[in-house]
Amino acid sequence: MKFVAFERKLQGTGASRRLRIAGKVPGIVFGAGEPTMIELDHNALFHALKKEAFHSSLLDMELNGATTQVLLRDFQMHPYKPQVLHCDFQRVDGTTKITKKVPLHFIGEDASPAVKTDHCTVNHVVTELLITCLAQQLPEFIEIDLSGLTKGHSLHVNDIKLPAGVKVVTHGKPNPVIATPVEPKVEEIVVAAAPAADDKKGKKGKK
């Protein structure tokens with residue numbers, strides 16, 4: 001994905017406020033050299049942020065006629081308005097090693113024995129993973145094949161096939177669960193027994 005940025009000359013709270021009023025977003029690019037203050041078109045950035053790939057893939061940033069590869073590192077939104085207040089990007093090259101969260105795309109769920117045969121539902125325990133890799137090897141997403149999932153057996157991190165050069169950061173958990181089948185609940189229907197015919201006659205006799 002590609003976007004255009006412009007060098008930001010003025011800094012400070014007042015300058016940033018004027019930028020936002022003019023439909024611009026202040027930002028910064030850091031890493032691999034001196035930090036560069038930038039500004040971007042708000043509407044273009046706002047729509048780009050709705051795309052999954054903008055958050056999890058390398059981006060081509062055009063600045064002053066030159067194109068640099070960057071990663072979106074952070075952005076701030078207004079507390080209640082649909083407005084981007086600030087964004088941070090990191091310059092990367094072939095030697096840059098990064099740690100970043102990437103989304104998981106689940107496939108094959110309906111074809112799995114757990115769902116197709118045993119009528120389980122699948123609980124996606126996590127929907128993204130923190131990974132470490134070279135910036136050039138960053139996957140846009142990681143595909144998780146659930147077609148072999150069976151009842152009573154969860155899918156763990158060690159079970160998934162990772163792209164080349166990618167490692168999962170688990171923060172001390174050796175092999176966390178990615179997805180697990182949940183058996184269908186069996187509803188118990190309680191039927192109240194009708195009063196016996198003798199009981200009815202007995203009550204009538206007492207009257």
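Contact here means heavy atoms within 4.5 Å. The structure is a predicted model, in which local features need pLDDT of at least 70 and side-chain atom pairs count only at pLDDT 80 or more, while totals for chains, interfaces and linings use all residues. Residues are numbered from 1 along each chain as its sequence is written, and side-chain values use heavy atoms, with hydrogens and water left out.

**Exercise 1.** Determine which residues Ile 98 is in contact with, leaving aside neighbours within four places in sequence, and place Ile 98 in a nonpolar core.

*Solution.* Step one: the contacts of Ile 98 beyond those neighbours are Leu 71, Arg 73, Gln 90, Val 92, Ile 131, Thr 132, Cys 133, Ala 135 and Leu 138. Step two: a nonpolar core is a set of buried Ala, Val, Leu, Ile, Met, Phe, Trp, Tyr and Cys residues joined through side-chain atoms within 4.5 Å; buried means under 20% relative accessible area, exposed over 50%, and partly exposed in between (1.4 Å probe, protein chains only). Step three: Ile 98 is among the residues with the most contacts inside the largest such core, which has 24 residues. Step four: strands E7 (97-107), E9 (128-134), E10 (142-145) and E13 (177-182) each give two or more residues to this core. Strands (E, at least two residues) are DSSP runs numbered from the N terminus.

**Exercise 2.** Establish the order of the open sheet of four strands and explain what is particular to its edges.

*Solution.* Step one: the order is E10-E7-E9-E12, with mixed pairing; two strands pair if DSSP finds at least two bridges between them. Step two: E10 and E12 (167-168) are the edge strands, each having a single partner, so one side of each lacks a neighbour in the sheet. Step three: E7 and E9 run antiparallel and are joined by seven bridges, with Lys 97 opposite Leu 134. Step four: E9 and E12 also run antiparallel, through two bridges; here Thr 132 faces Lys 167 and Ile 131 has Val 168 as its bridge partner. Step five: E9 is largely enclosed by the rest of the structure, because five of its seven residues are buried.

**Exercise 3.** Identify what the side chain of Lys 100 reaches.

*Solution.* Step one: Lys 100 belongs to strand E7. Step two: Lys 100 is buried but has no salt bridge, and the nearest side chain of opposite charge, Glu 128, is 9.1 Å away. A salt bridge is a side-chain nitrogen of Lys or Arg within 4 Å of a carboxyl oxygen of Asp or Glu. Step three: the Lys 100 side chain reaches the backbone oxygen of His 55 at 3.0 Å and that of Leu 72 at 2.9 Å.

Methods:
Lys, Arg positive; Asp, Glu negative; His and termini not counted. Polar contact = N/O pair within 3.5 Å; in protein donor to acceptor, adjacent residues only side chain to side chain.
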